[in-house]
Each structure stands twice: as C-alpha cells, then as structure tokens.
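The following note sets out numbered comments on the model under review. Please read each point with the coordinates open.

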Amino acid sequence: MKLLLISVLFLLVGIIMIPFTIYYSNTTVYSNHFHLSLSDLGGSTVSYKGSTGDKVIICGYSTSSIKIIVLNPPLGGIYLGQFNGNFTTSFDATPFKQIVIEGGNYPANVTASIETYNTNFSGIGYTIAGIFLVLGLILLWYSYALSLNKSKIHKSKL
C-alpha cells in the first residue's frame with residue numbers, strides 16, 4: 001500500500017511539473033523598447049538581460065536597410081540577417097548580451113523591442129518531470145506485480 005502511495009505521489013509531481021515548466025519557461029524575463037537613428041554605415045549597440053540560453057526575440061521597424069549582429073566574443077558575432085521595414089528575428093542569448101545594429105548605405109531610423117523569455121529552464125523542467133513520471137510508472141507497475149504475487153500466495157495457502 002505504501003508503494004502504491006509513493007508511486008501515485010511520483011506521478012502527481014511529474015504531472016504537476018509539466019504545466020509549471022510551460023508557465024515558467026514562457027515568462028518574460030526582460031523587455032526593452034528603443035529608438036535609434038543610424039547614419040549611413042553607422043551602428044549602435046543595444047544591451048539585453050537574461051541568462052545564457054534564454055530565447056530573445058527582436059521585432060520592430062526600420063526605414064532603411066539594417067544588419068543585426070549578436071556579439072559573442074571570442075567567436076565573433078552571430079549574423080541574424082539584413083532587414084528593411086518590419087522585421088522579427090530570434091536567437092538564444094549569449095554570455096555577452098550585446099546586439100549591434102548597423103545601418104546600410106542610407107540613414108535609418110529603427111524602432112524595435114527586445115523581449116527575453118526564460119526558456120533556459122524548459123530543458124531542466126521537462127527532464128525532471130519525465131524522471132518523476134517514469135519512476136512513478138515503474139513503482140506503480142512494481143506495486144501491481146507485488147499485489148498479484150501476494151494474492152497468489154494467499155490463494156495457495158487456502
């Protein structure tokens with residue numbers, strides 16, 4: 001009976017961990033709205049916050065062609081693309097937490113927002129939930145097997 005209760009407890013913890021992980025890994029850690037005026041071939045650096053591995057989304061509008069690069073020393077930068085007009089791009093946060101926005105051949109006005117989501121926790125949360133669910137199922141199966149064995153022993157004594 002104790003084993004059955006422990007297995008049900010493990011299953012409940014695993015089931016509760018799944019929505020908790022979904023909720024916690026989709027929370028916004030950081031949000032920043034900014035406006036930049038870039039000269040032709042000029043650039044500007046924008047900082048963001050969050051943990052390494054978090055999902056960062058940049059969306060906004062540019063009046064002219066711009067390049068967005070995520071700084072990641074000593075490896076250099078991660079080129080996210082060249083954008084003109086409405087743009088949206090995403091990447092995983094790096095330890096340096098700087099974004100460079102470079103203008104093209106013409107001056108550009110950029111209005112954008114950066115949002116960081118706590119997706120770094122999702123790998124850990126789903127793994128813990130999976131371990132609890134698997135252990136709960138194994139213990140439930142073992143409890144069932146023990147109860148069958150006890151009932152066979154009880155019947156053979158009669």
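1. Exposure of L41. With a relative accessibility of 66%, L41 counts as exposed, because the threshold for that class is over 50%. The residue sits in the loop that links β1 (28-38) to β2 (43-47). Its phi is near 60 degrees, a positive value in a residue other than glycine. As background, most residues other than glycine have a negative phi. Please keep in mind throughout that this is a predicted model.

2. A second positive phi. K97 also has a positive phi, of about 60 degrees, although K97 is not a glycine. K97 is found in the loop between β4 and β5 (98-103). Is K97 buried or exposed? Its relative accessible area is 17%, and K97 is therefore buried, the limit being under 20%. L41, by contrast, is exposed.

3. A cis peptide bond. P73 and P74 are joined by a cis peptide bond, with omega at about 5 degrees. P74 belongs to the loop between β3 (55-71) and β4 (77-92). In general, most peptide bonds are trans. The geometry at P73 and P74 merits a direct look in the model.

4. Overall architecture. The protein contains 2 helices and 6 strands. Read from the N terminus, the order of elements is α-β-β-β-β-β-β-α. Among contacts between residues at least 6 apart in sequence, 79% join residues at least 24 apart.

5. Overall dimensions. How does the radius of gyration of the protein stand against that of a compact globule of 158 residues? The protein has 26 Å, whereas such a globule would have a value near 15 Å. Along the principal axes, the C-alpha atoms fill a box of roughly 95 × 30 × 20 Å. Of the 158 residues, 35% are buried. The exposed surface comes to about 9,700 Å², and carbon and sulfur atoms supply 65% of this area.

6. Helix α2 and its separation from β3. I131 lies in helix α2, which spans residues 122-157. I131 counts as partly exposed, because its relative accessibility of 48% falls between the limits of 20% and 50%. Between the C-alpha atoms of I131 and I58 there are 35 Å, the two residues being 73 apart along the chain.

7. The largest nonpolar core. This core has 22 residues, of which Y48, I58, I66, I68 and I101 touch the most other members. Two or more residues come from each of β1, β3, β4, β5 and β6 (108-117). Which strand gives the most to this core? The answer is β3, with 5 residues.

8. Surroundings of I66. I66 is one of the core residues that touch the most other members. Setting aside residues up to four places away in sequence, I66 touches L38, G81, Q82, F83, F87, I101, E102, G103, A108 and V110. Among these partners, I101 is likewise one of the core residues with the most contacts to other members.

9. A buried serine. S62 is placed in strand β3. Its relative accessible area is 0%, and S62 is therefore buried. What does the side chain of S62 reach? It reaches the backbone oxygen of S64, at 2.3 Å. Leaving aside neighbours within four places in sequence, S62 is in contact with N84, G85, F87, A108, N109 and V110. F87, A108 and V110 also appear among the residues that I66 touches.

Note on methods. Residues are numbered from 1 along each chain as its sequence is written. This is a predicted model: local features need pLDDT of at least 70, side-chain atom pairs count only at pLDDT 80 or more; totals for chains, interfaces and linings use all residues. Side-chain values use heavy atoms; hydrogens and water are left out. Helices (H or I, at least four residues) and strands (E, at least two) are DSSP runs, numbered from the N terminus. Buried means under 20% relative accessible area, exposed over 50%, partly exposed in between (1.4 Å probe, protein chains only). A nonpolar core is a set of buried Ala, Val, Leu, Ile, Met, Phe, Trp, Tyr and Cys residues joined through side-chain atoms within 4.5 Å. Contact means heavy atoms within 4.5 Å. A polar contact is a pair of N or O atoms within 3.5 Å; within protein, one must be able to donate a hydrogen and the other to accept it, and residues adjacent in sequence count only if both atoms are side-chain atoms. The radius of gyration is taken over C-alpha atoms; the globule rule is 2.2 Å times the number of residues to the power 0.38. Accessible areas come from the Shrake-Rupley method with a 1.4 Å probe; for residues, only the protein chains shown count as cover.
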